[in-house]
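Here are my notes on the model you sent, set out as numbered points so that each can be checked against the coordinates.

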Amino acid sequence: MRTLVFWVHLPLGILCGAVIAVMAVTGALLSFAPGIQRAADGPVRRVAPSPEKLPAGTLVDLAQAAVPGARATSITIGSAPDASAVVAFARQGRMFVDPHTGRILGAGAEGVRRAIEAVTGVHRWLGASEERRPAGRAVTGACNAGFLALALTGLFLWWPRRWRRAAVRPAALFQPGLSGRARDYNWHNVLGFWSSLVLVVVAGTGVVMSYRWANDLVYRLAGTAPPAAEDARRVPRQRASSDPGSRRHAPTRWAPTLDPQWERAARQTAAWRSITLRLPSGPGDSATFSIEEGTSANPFARSALSLSPDGSVASWVPYENASAGRRIRSWIRGAHTGEALGATGQTLAAAASLAAAVLVWTGFSLALRRFARWIRNRRSGSSMREAEPLEPGEVGFLSPARAAQGRRPAMRRIAS
């Protein structure tokens, strides 16, 4: 079994290693991206507090007037008296607005935002252009699935047959004074062991985010219909509202239609922390609100409210009453970035991502050294079973116990 698993692990690492390294480095950079963006936007995120706030439609009209020709897509307003409102546009970024006076505060740290978007694009689809993003996403999705397989098979290969200190210590702790192949073995084993569980979570949640079948599987395991089946009755309405003809009749001013709906949404729950309104395509469409109440440990917990044009409630689904599948799915993004555990989780995710990059480097190094030895042995006509003695501190990848006994690493015997 170890022989079979090893020969799955090695070629899979060679095939996916380069893309995994790119996703690992960019993932580490993105671990603290939300906090970095908030800190960079600090001057425009805070305003002079006041008990009264302008409704959402009025703020959207003011923001659109400041960006001629732009089409707003959403607005987010926080409950804190000193929090500014954020209006997002389809292609022009976003605009911060004082919710009390309507004063335009600016776009914030645009350079930081563009840098984060560029890193995100490399992480998700290798920085491919818009028309090539499906291909880039397919590559990163496949390599992310390969990364999950590497983490699981690597942990299996590391697992010692007998749990003895002499067998575990060389593969669980960094050994000083090593160089060359022995150092690469030691680093690969140690970093793989300590980061494996975090990497399984990061890669596993990445698979769910990459593939529809994996996303649907989460719902089915939770006993919930996947979103496509669950929302099938809404498809005709969505198609009608996304038709280009309906956009031509979109109001030039949002205040008359959205202001009453916003005031109704703000009364839906008294404990809301922030409300995000996705702007409808036209006046005949319902307005959809995503409400953060701050009562759940899940940082991505949101309640969903849909209001008809006349202000009546079309649907209201508090986060606590959402299906088990939807609640589990909302945890997955936080688990992928580490935000589910706050700063501690983000630090673990960043550290494990950096460890993954080193694992790719040591894995490639070990593979190249193995290939070079194979070439030398072919030329000399000798077998790898007769290879040079074990270097001091070198750890057999398949069995640390063999290294503790001073014997050849099992993986070299397999390679012959």
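The points below take up an internal cavity and then a helix pair.

1. Please keep in mind throughout that this is a predicted model, and that the values quoted here are computed from it.

2. The structure holds 1 cavity of 30 Å³ or more, and the volume of this largest cavity comes to about 520 Å³. Its lining is made up of 29 residues, of which His9, Leu150, His188, Leu359 and Gly363 are the closest to the centre.

3. Which helices supply at least two residues each to that lining? They are H1 (2-30), H6 (133-158), H8 (180-210) and H15 (342-380), and it is H15 that provides the largest share, with 8 residues.

4. As to the character of the cavity wall, the lining of the largest cavity divides by class into 19 nonpolar residues, 9 polar residues and 1 charged residue.

5. Helix H1, which contributes to the cavity lining, also packs against helix H5 (residues 110-125), at an angle of about 145 degrees and with the two axes 9 Å apart. The crossing of H1 and H5 is left-handed.

6. On the H1 side of this contact one finds Val22, Met23, Thr26, Gly27, Leu29 and Leu30, while H5 brings Ile116, Val119, Thr120, Val122 and His123 to meet them. Sorted by class, the residues of the contact between H1 and H5 comprise 7 nonpolar and 4 polar ones, with no charged residue.

Technical notes
Residues are numbered from 1 along each chain as its sequence is written. This is a predicted model: local features need pLDDT of at least 70, side-chain atom pairs count only at pLDDT 80 or more; totals for chains, interfaces and linings use all residues. Side-chain values use heavy atoms; hydrogens and water are left out. On a 1 Å grid over the protein atoms alone, a cavity is a set of points where a 1.4 Å probe fits but cannot get out, and a pocket is an open set with protein on both sides within 12 Å along at least five of seven lines; lining residues have an atom within 4 Å of a point. Grid points are joined across faces, edges and corners, and a volume is the space filled by probe spheres set on the points. Helices (H or I, at least four residues) and strands (E, at least two) are DSSP runs, numbered from the N terminus. Ala, Val, Leu, Ile, Met, Phe, Trp, Tyr, Cys and Pro count as nonpolar, Asp, Glu, Lys and Arg as charged, and the others, Gly among them, as polar. Axes are lines fitted to C-alpha atoms, for helices over the stretch in contact, and angles run from 0 to 180 degrees between N-to-C directions. A crossing is left-handed if the near helix is turned anticlockwise from the far one by less than a right angle, and right-handed if clockwise. Contact means heavy atoms within 4.5 Å.
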